[in-house]
Structure formats: C-alpha cells, structure tokens
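Open the model in your viewer and keep the sequence panel beside it. We will move from stop to stop, selecting a few residues each time.

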Amino acid sequence: MLSEGREDVNDEERAGRPSTSTTDEKINEVEKMILVNRRITVREVAEDLNISIGSCHSIFINDLGMRRVAAKFVPTLLNCDQKQHRMNIANEMLDSVRDDPNSLQRVITGDEANPTRQKSWGLPGQFPKQTPKPNRFGKKAMLCIWWDQTGVVYFELLKPGKMVNTSRYEQQMHSLREALNEKRPEWREKHNKLILQHDNAPAHNATVVKNTIKDLGWEF
C-alpha cells in the first residue's frame, strides 16, 4: 500500500489458482485433435477434453494461432457477361409474366438437400485441405424435393450415402410427371407447358436428362 511506503503500482507475482484448461498438455491434445479432423468444432473438442468452451476457443485462437478458413473458394462477384446474362433472363421472366399473369403457376422448382459444407481450422500459413467432414452420427440421407406455388408435389428421400446421378435424375423426372398427374390434375387443362426450375448440377445438365425433359414437353 502507498501508505506503507510502496511506490510500485503494478501487481506483484503471487501464487494464484493454476489454470487447468490451458496447460501444455491440454494445448497438445487440442492440436492433435485438430490435425486429425480439421472440421472439428470448438464445442466438440471442449466436450471431449472436458474443458470450457471459452478456454477451448482461447487455445484455438491464442495458443495455437488457428483461424476458421473456407474449404472451397467460390466467386462472389459476377463479371460483365454473367451480369448481362442474368439481366436478360430476368427481363424474359418479367415479359412472360406481363403476357400471361398465370405463367408462374406453371413453375415447378426442384432441389436436393446436401450435407452442409463446413469450414475447417488452419494453422497460420497453411492452406486447408478439401476433406469430407467425418460424421459422428452415421451417413446422412439426401432429400430431393419439387414444389410449386401450392406446395410440395413430389419428393424422394435417398438411402444414406446415396447421391443423385444422371440415371436417377432422369427417373425422377418421370416420377415427377406421375405425381403431377395425380396431385395437379388441373394442370393439363390450364397450362400447355410446365416450367422446370433447377440448378446447373451435372446430373441436371446431362444430355439424356435434357432430352427426357423435352420429351415430357417441359421448359427448363
């Protein structure tokens, strides 16, 4: 105390409560777990090592100098040609709605729900490897679903680990037609063509699939 003649205001070294989470042993264990699985989460490590999430996050960032990095780079900006292409498509859709206000009723949208891509942990100066995330709860099942403005028309839940290939997607187009005939019988009477909206996945862009969609009389 100053009244006792002390002039230094800094804390003196003293024995305090030792840290049980950020010891060299815990830091080494955390590093080993990350090197085995770069996609592991802070919560998973904390639960496995029985330490707090805050202490575990501190080890990741402060002691190991790690950071979250994307496993795949994707373009975030469009070039001039891509912008113009999207503008043309948007204008065509607007013109279609102006000519036929009921045209949106003909749109069927389809998509597949894939396992979410997650970020991985990387050491300073290291580039992340594109490795699949180990699943602690078994293989995930893919959901394929098609819907219109009224609701779901057709869906398929694939077996765990199965993916959509060209032959499967071609068969799904026939199954979708059967579902439309059953659930939307008024469709044939009101509209002469269905507009199929889906992404440019390889199975969707295959020649045999495009020919099948054309044979069904659908636009895409």
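**Stop 1: a nonpolar patch**

Select strand 4 (143-147) and strand 5 (152-157): each supplies at least two residues of a nonpolar patch. Strands (E, at least two residues) and helices (H or I, at least four) are DSSP runs, numbered from the N terminus. This is a predicted model: local features need pLDDT of at least 70, side-chain atom pairs count only at pLDDT 80 or more, and totals for chains, interfaces and linings use all residues. Residues are numbered from 1 along each chain as its sequence is written, and side-chain values use heavy atoms, with hydrogens and water left out.

Now colour L143, W147, V152, F155 and L157. They form the nonpolar patch on the surface, with about 460 Å² of accessible area together. Accessible areas come from the Shrake-Rupley method with a 1.4 Å probe; for residues, only the protein chains shown count as cover. Patches are made of residues with over 30% relative accessible area and no salt bridge; like charges are joined within 9 Å, and nonpolar side chains (Val, Leu, Ile, Met, Phe, Trp, Tyr) within 5 Å. A salt bridge is a side-chain nitrogen of Lys or Arg within 4 Å of a carboxyl oxygen of Asp or Glu.

Which strand gives the most to the nonpolar patch? Strand 5 does, with three residues. Click on V152, which lies in strand 5. V152 is partly exposed, with a relative accessible area of 41%. The scale is this: buried means under 20% relative accessible area, exposed over 50%, and partly exposed in between (1.4 Å probe, protein chains only).

**Stop 2: the hairpin**

Show the backbone of strands 4 and 5. They form a hairpin with four residues between them. Find G151 in the turn: its phi is positive, about 155 degrees. Strand 4 and strand 5 run antiparallel, joined by five bridges. Two strands pair if DSSP finds at least two bridges between them. Strands of a sheet pair through backbone hydrogen bonds, either parallel or antiparallel.

Step along the pair:

- W147 stands opposite V152 in strand 5.
- W146 stands opposite Y154 in strand 5.
- L143 has L157 in strand 5 as its bridge partner.

**Stop 3: the whole sheet**

Zoom out. Strands 4 and 5 belong to an open sheet of four strands, in the order 5-4-2-6, with mixed pairing. Strand 5 and strand 6 (195-197) stand at the edges, each with a single partner strand, so one side of each is left without a neighbour in the sheet. Neighbouring strands of this sheet are turned by 15 degrees against each other on average, direction ignored.

Add strand 2 (107-113) to the selection. Five bridges join strand 2 to strand 4, and the two run antiparallel. G110 has W146 in strand 4 as its bridge partner.

**Stop 4: two faces of strand 4**

Show the side chains of strand 4. They alternate: C144 and W146 point to one face and are buried, while L143, I145 and W147 point to the other and are not.

Is W146 buried or exposed? W146 counts as buried because its relative accessible area is 0%. Its contacts (heavy atoms within 4.5 Å), not counting residues up to four places away in sequence, include I108, G110, Y154, Q172 and L196. Measure from W146 to H198 in your viewer: their C-alpha atoms are separated by 9.3 Å, although they are 52 residues apart along the chain.

**Stop 5: the helix on the sheet**

Select residues 166-183, which are helix 5. Helix 5 packs on the sheet, touching strand 2, strand 4, strand 5 and strand 6. Its direction makes about 140 degrees with that of strand 5. Axes are lines fitted to C-alpha atoms, for helices over the stretch in contact, and angles run from 0 to 180 degrees between N-to-C directions.

Pick Q172 in helix 5. Q172 counts as buried because its relative accessibility is 0%. Beyond four places in sequence, Q172 touches C144, W146, Y154, E156, L158 and V164.

**Stop 6: a loop, then the full view**

Go to N50, in the loop between helix 2 (42-49) and helix 3 (53-63). N50 has a positive phi of about 60 degrees although it is not a glycine. N50 is exposed, with a relative accessible area of 70%.

Finally, show everything. The protein has eight helices and six strands. Buried residues make up 30% of its 220 residues.
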